[in-house]
Amino acid sequence: MRDYYRPIGQLFARDLPEDHMSVTTTELEAGFDATVHRGDRIEPRDWMPDGYRRTLVRQIAQHAHSEIIGMQPEGGWITRAPSLRRKAILLAKVQDEAGHGLYLYSACETLGVSRGELTDNLIEGRQKYSSIFNYPTLSYADVGTIGWLVDGAAICNQVPLCRTSYGPYGRAMIRICKEESFHQRQGYELLMTMMRGTDEQRAMVQESVDRFWWPALMMFGPPDDESPNSAQSMAWGIKRNGNDELRQRFVDMSVPQAAALGVTLPDPELRWNPERGAHDFGEPDWTEFMAVVRGNGPCNAQRIAHRRRAHEAGAWVREAATAYAASLASADLGVPAPTSADASQRETGVRA
Amino acid sequence: MTNDVRAEWPLYEVFVRGKRGLNHVHVGSLHAADDDMALRHAHDVYTRRNEGVSIWVVQSHLIAASSPDEKDPMFGPSNDKVYRHPTFYEIPDNVPHM
């Protein structure tokens with residue numbers, strides 16, 4: 001029976017156990033494809049193609065980094081929130097983003113990468129995060145707009161990912177989606193409150209929506225025919241919907257929400273198309289998108305510098321906690337000197 | 001680079017009891033320097049919204065697990081023992097409460 005068990009440490013091992021070398025890659029691939037095709041989930045210790053693992057690591061890491069970097073644009077407004085209520089809400093929201101990052105890092109680690117590597121990849125610029133967080137938050141209304149549009153777009157992207165083929169990723173997404181709903185609603189409610197205020201406040205909301213609308217549309221990624229990884233990701237069941245389909249869904253959801261709020265969306269081509277039963281809308285500026293992705297957005301350098309600073313400033317805390325844990329562990333191991341009773345028991349074999 | 005502090009805190013698996021009467025269920029994992037910190041982190045990461053009334057944490061390497069590759073020898077035999085299921089037995093329709 002013992003042979004059936006293997007320490008969970010190997011859960012994260014990349015290599016197959018030696019006794020499985022006799023199974024051909026073709027057979028393993030067929031088994032993998034069948035599992036994905038059935039709509040079953042792939043779990044960490046299952047065999048998976050290298051490309052699948054690489055794609056997942058890239059996507060989940062990018063997603064985790066986005067949550068972590070995503071704390072910054074709004075975090076700056078915590079000390080300047082206009083009331084204790086708004087401050088408490090914003091704190092909770094930013095804390096959620098940290099939590100989402102941690103769920104996703106954990107999911108990513110099941111694929112054989114370490115947390116330290118992932119953090120390094122982010123601060124060394126080897127892995128990306130969502131380009132939306134490279135735009136500045138210039139007014140307090142941006143907190144509301146981010147909740148409404150940015151988190152709204154994130155929800156459109158993330159809900160289908162709850163059914164992604166990789167188990168740990170899907171489970172993280174389920175937790176995240178439950179919490180994102182609060183994010184979107186608090187943002188929309190914040191904007192509604194401002195829209196009931198002064199002309200100046202209403203102008204702030206409109207100005208903020210004008211700045212975030214196009215970057216929010218870009219969150220779905222380039223058009224499907226220019227998205228290099230989309231087709232393979234769909235075949236592997238990692239992605240469930242195309243970028244354009246999700247972008248359309250987001251536009252159709254947002255238009256009535258904008259109307260109810262009393263703001264306009266900054267797209268002259270935006271109109272209902274009764275034949276398609278959907279809204280027609282303009283093309284985002286993909287040149288700008290590519291520039292931001294390549295690191296030339298308004299805040300790329302600032303975001304990474306801040307993350308690096310926080311990581312380095314926290315080094316002494318990590319060291320101290322490690323040292324403390326080590327001292328506890330050595331105290332636990334400290335075996336008290338044997339008493340005479342122990343010695344007599346040993347001799348008489350009572351404990352044998 | 002900060003490689004000297006890269007030595008990572010151990011990985012813990014987190015189990016949460018949703019409410020009284022339910023089992024603890026695995027909810028995810030996290031890194032912590034020691035057990036106390038793991039409990040604290042588990043509270044912050046996995047129970048921000050009344051998700052539970054009790055938390056277990058255990059270092060991941062302490063869990064022994066069956067391997068998916070050995071699914072057949074491990075779980076195959078139960079398919080041969082259909083008589084372990086109630087539907088194996090034919091009972092006439094006119095016998096009540098069974």
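Here is a short chat about a predicted model with chains A and B.

Visitor: Let's start with chain A. How many helices and strands does it have?

Guide: Chain A runs to 352 residues, and buried ones make up 50% of them. As for its secondary structure, the count is 14 helices and 3 strands.

Visitor: What share of the contacts in chain A comes from residues 24 or more positions apart?

Guide: The pool here is contacts in chain A with a separation of 6 or more. Within that pool, residues 24 or more positions apart account for 77%.

Visitor: And how much of the accessible surface of chain A belongs to carbon and sulfur atoms?

Guide: The accessible surface of chain A comes to about 17,500 Å². The part that belongs to carbon and sulfur atoms is 56%.

Visitor: Which helix gives the largest share of the largest nonpolar core?

Guide: That core has 91 residues, and Tyr52(A), Ile60(A), Trp148(A), Tyr166(A) and Phe250(A) touch the most other members. The largest share, 10 residues, comes from residues 167–195 of chain A, which is helix H7.

Visitor: Tyr166(A) was on that list. Which residues does Tyr166(A) touch?

Guide: Leave aside residues up to four places away in sequence. The partners of Tyr166(A) then include Ile42(A), Glu43(A), Pro44(A), Met48(A), Thr110(A) and Leu111(A). Also among them are two residues from the list of those touching the most other core members, namely Tyr52(A) and Ile60(A).

Visitor: Is Val263(A) buried or exposed?

Guide: Val263(A) sits in a loop of chain A, between helix H10 (243–261) and strand E2 (271–273). Its relative accessible area is 7%, and buried means under 20%. So Val263(A) is buried.

Visitor: How far apart in space are Val263(A) and Met195(A)?

Guide: Val263(A) touches Met195(A), and also Trp148(A), Val205(A), Gln206(A), Val209(A) and Ala258(A). In sequence, Val263(A) and Met195(A) are 68 residues apart. In space, C-alpha to C-alpha, the distance is 8.8 Å.

Visitor: Over to chain B. What is the phi of Asn50(B)?

Guide: Asn50(B) is in the loop between helix H1 (35–46) and strand E3 (54–59) of chain B. Most residues other than glycine have a negative phi. Asn50(B) is not a glycine, yet its phi is positive, at about 55°.

Visitor: Is His97(B) buried or exposed?

Guide: His97(B) comes in the segment after helix H3 (77–80) of chain B, and it too has a positive phi, of about 55°. Its relative accessible area is 84%, and the cut-off for exposed is over 50%. So His97(B) is exposed.

Conventions:
Residues are numbered from 1 along each chain as its sequence is written. Chains are lettered from A and ligands numbered from 1 in the order in which they are written. This is a predicted model: local features need pLDDT of at least 70, side-chain atom pairs count only at pLDDT 80 or more; totals for chains, interfaces and linings use all residues. Side-chain values use heavy atoms; hydrogens and water are left out. Helices (H or I, at least four residues) and strands (E, at least two) are DSSP runs, numbered from the N terminus. Buried means under 20% relative accessible area, exposed over 50%, partly exposed in between (1.4 Å probe, protein chains only). Contact means heavy atoms within 4.5 Å. A nonpolar core is a set of buried Ala, Val, Leu, Ile, Met, Phe, Trp, Tyr and Cys residues joined through side-chain atoms within 4.5 Å. Accessible areas come from the Shrake-Rupley method with a 1.4 Å probe; for residues, only the protein chains shown count as cover.
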